[in-house]
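Student: I would like a close look at one part of this structure, the charged side chains and the salt bridges they form or fail to form. Please take the surroundings into account as you go.

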Amino acid sequence: MPFADMQDVLIVEDSQLHRLLATELCSQLGFSSIRHAANGEEGMAQVRQQVPDLMLLDLEMPRMDGVQVMQQLALEKLTPYIILTSGKDYMLISTLELMGCGLGLPVLGGLKKPLQAGAMQDLLARLCQQSAKAKESCALYDPDAIRLALQEQQIIPYYQPKIDLDSGQLKGAEMLARWQHPSRGLVMPGSFIPVIEQHGWATELTLSMLDQGLLQWQEWARQGLRLPLSINLSARSLQGSTLIGEMESRLHRSKVPARYITFEITETAIADNLPEAIGIAARLRLAGFGLSIDDFGTGFATLQQLTRFPFTELKIDQSLVTSISSKPHLQAIANSIIELGQRMQLTTVAEGIETRQDMELMQARGCNLGQGYFIARPMEAALLQPWAKQHQRMVGETPPAIR
C-alpha cells in the first residue's frame with residue numbers, strides 16, 4: 001500500500017453504480033478493507049463504530065448530504081481523511097473542500113464522478129505531503145529560548161530555488177527561516193515565528209536574515225553563482241524610520257548590488273500599516289531593492305494594493321496554484337492574475353508547484369517563475385550549489401517542450 005498506512009476506506013455514496021466503480025478503484029489501489037454506506041446517516045453510524053482511514057464522501061445524498069456529514073464529523077470530532085466526490089461543477093466542489101478544511105477536517109480534495117484512478121492517486125499522494133507538514137507544526141517555543149536563538153544566530157536561512165518556467169534556468173531563491181536548535185535539530189518556523197512577531201523581534205530577524213543572505217551571496221559569487229535572493233518582510237517591520245538605513249548600510253558594507261535582493265511583503269502586512277508601509281515600500285525601491293507582493297490572490301484588497309505600491313514582482317498564492325491542472329475554475333483566476341501581472345510589467349511567480357502538470361500549465365499560461373516542492377524543497381546553503389549544477393544538467397538534457 002503506497003499511501004502511508006491507510007487500509008480501511010468507507011465509501012458513502014447513494015448510487016449503486018458509483019459505489020461499485022469506487023469499490024473497484026479502491027481495490028486496485030490496494031485497500032484491504034472497503035466498507036459502504038448508502039447515505040450520510042449510514043455513513044455517520046459506521047464512522048462512530050470505527051473511524052476509517054479514508055472516507056469517499058458523495059455530496060448529494062438523501063436524508064443527510066455530504067455537507068451535513070462534514071458538519072457532523074466536525075461536531076463529534078471525528079476526523080478521517082476525506083475525499084469529496086460529486087457530479088457537480090468544480091467551483092462547488094472546491095468551495096466545499098475549503099469549508100471542510102475550515103471545520104478542521106483533513107480534506108484531501110474533491111473529485112468529479114465517475115472517479116478516475118490517476119486523479120485519486122494524486123489526492124492520496126497529498127497525504128504524504130500533509131504528513132510532512134504536520135511534522136513541521138508543533139507547540140510554540142518559550143520566548144526566552146527564542147530570544148537566545150536570535151542573539152546566537154541559531155536562526156538560519158534555508159533556500160528554496162525559483163526557476164524560469166520557460167527555460168528551466170535557476171533564477172533565484174527565497175530565504176526561509178529555520179532554527180538550528182543545539183539539541184533538538186532543525187525547528188520549523190511555525191514554532192517560533194509567531195513568538196518573534198508577538199514580542200516585536202521581527203525586524204531583528206529580518207536584518208539577521210539579510211546579514212546571512214548577503215554573506216552567502218558573496219560566497220556563491222566567488223564561486224561564480226550570482227543568485228537573486230528574496231527575504232520575507234514582516235508586518236512588524238513596516239513601521240518606524242530606521243529600517244531602510246539599516247538595510248542600506250548592510251548592503252553598502254557587503255558591496256552586493258541591491259538589485260539582487262527582493263523583499264516579499266504580504267497583503268496582510270500592508271493592510272495593517274498602510275500609510276507607513278507605502279513610505280517604506282517606496283524607499284526600498286529608491287534604494288534599488290526589488291519588492292514583491294506575496295500571497296497574491298488571497299485577502300480582499302489585492303487590486304487596491306497593486307495600485308498603491310511600487311511592486312516589481314507578483315507571487316501567486318499557492319492555494320491558486322497547487323492542483324490547478326485539475327481545477328478549471330482556478331485556471332481562469334490564474335489566467336487573469338498572470339495577465340494582470342503582464343500588463344503591469346511585473347514578474348509573475350507561481351508558488352506551491354507540486355506536480356509536473358501544474359508546472360506545465362503555469363508555464364503555458366505565461367507565468368515567468370515557479371517555486372514549489374516539485375522543483376525543490378527548501379535546503380541549507382551548502383546543498384544549493386550541488387542542486388543547481390544537477391538541475392542545470394537536467395535542464396540541458398530535457399527538451400524545451402516538456403521542461
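Tutor: What follows begins with the salt bridges, then turns to a charged residue without one, and ends with the nonpolar cores and some details of the backbone.

The model is a predicted one, and by the distance rule applied here the count in it comes to 17 salt bridges. Side chains of opposite charge can pair when their charged atoms come close.

A good place to start is the pair formed by Asp58 and Lys113, whose side chains meet in a salt bridge with an N to O distance of 3.1 Å. Asp58 belongs to strand E3 (residues 54–58) while Lys113 sits in the loop between E5 and H5, so this pair ties together parts of the chain that are 55 residues apart in sequence. Asp58 has a relative accessibility of 2% and therefore counts as buried, the limit for that term being under 20%. The backbone at Lys113 also deserves attention, for a cis peptide bond, with omega about 0 degrees, joins Lys113 to Pro114. Pro114 itself is found in the loop that runs between strand E5 (107–112) and helix H5 (117–136).

The next pair is that of Glu313 and Lys162, which form a salt bridge in which the closest N and O atoms are 3.6 Å apart. Because Glu313 lies in strand E12 (residues 313–316) and Lys162 in strand E6 (residues 155–164), the pair ties together parts that are 151 residues apart in sequence. Both partners are in the interior by the accessibility criterion, since Glu313 is buried and Lys162 is buried as well.

Strand E12 also supplies a partner to another pair, in which Glu264 forms a salt bridge with Lys315 and the closest N and O atoms are 3.0 Å apart. This pair links distant parts of the chain, with Glu264 in strand E10 (residues 261–266) and Lys315 in strand E12, 51 residues apart. Glu264 has a relative accessible area of 0% and is therefore buried, and Lys315, also with a relative accessible area of 0%, is buried too. Nor does this pair stand by itself, for Glu174, Glu264, Lys315 and Glu351 are linked in a network of salt bridges.

Arg19 offers a contrast, as it is buried yet has no salt bridge, and the nearest side chain of opposite charge, that of Glu13, is 6.2 Å away. A salt bridge requires a nitrogen and a carboxyl oxygen within 4 Å. Leaving aside its neighbours within four places in sequence, Arg19 is in contact with Ile11, Glu13, Asp14, His36, Ala37 and Ala38.

The helix that holds Arg19 is H1, and its geometry can be checked directly. At 1.5 Å a residue, the 13 residues of H1 (residues 16–28) should span 18 Å, and the end C-alpha atoms are 19 Å apart, which agrees. The buried residues of H1 are Arg19, Ala22, Leu25 and Cys26. These residues cover an arc of only 130 degrees around the axis, which puts them on the same side of H1. The face turned away from that buried side carries the exposed residues Gln16, Leu17 and Gln28. Just after H1, Gly30 takes a positive phi of about 100 degrees.

The nonpolar cores complete the setting. In soluble globular proteins, nonpolar side chains tend to be buried together. Here the largest nonpolar core has 75 residues, of which Phe263 and Met362 touch the most other members. The largest share of this core, seven residues, comes from helix H8 (residues 202–222). Not counting residues up to four places away in sequence, Phe263 touches Thr206, Leu210, Ile231, Leu233, Met247, Leu284, Phe289, Gly290, Leu291 and Ser292. Apart from this core lies another, of 20 residues, including Val12, Leu57, Leu59 and Leu96.

Two further backbone details may be added. Asp295, a residue other than glycine, has a positive phi near 55 degrees; Asp295 is placed in strand E11 (residues 290–296) and, at 25% relative accessibility, counts as partly exposed. Gln345 is not a glycine either, and has a positive phi of about 60 degrees; Gln345 is found in the loop between helix H13 (328–343) and strand E13 (347–350), and is exposed, with a relative accessible area of 73%.

Conventions:
Residues are numbered from 1 along each chain as its sequence is written. This is a predicted model: local features need pLDDT of at least 70, side-chain atom pairs count only at pLDDT 80 or more; totals for chains, interfaces and linings use all residues. Side-chain values use heavy atoms; hydrogens and water are left out. Helices (H or I, at least four residues) and strands (E, at least two) are DSSP runs, numbered from the N terminus. Buried means under 20% relative accessible area, exposed over 50%, partly exposed in between (1.4 Å probe, protein chains only). The expected span of a helix is 1.5 Å times one less than its number of residues. The arc is that of the directions from the helix axis to the C-beta atoms. Lys and Arg count as positive and Asp and Glu as negative; His and the chain ends are not counted. Contact means heavy atoms within 4.5 Å. A nonpolar core is a set of buried Ala, Val, Leu, Ile, Met, Phe, Trp, Tyr and Cys residues joined through side-chain atoms within 4.5 Å.
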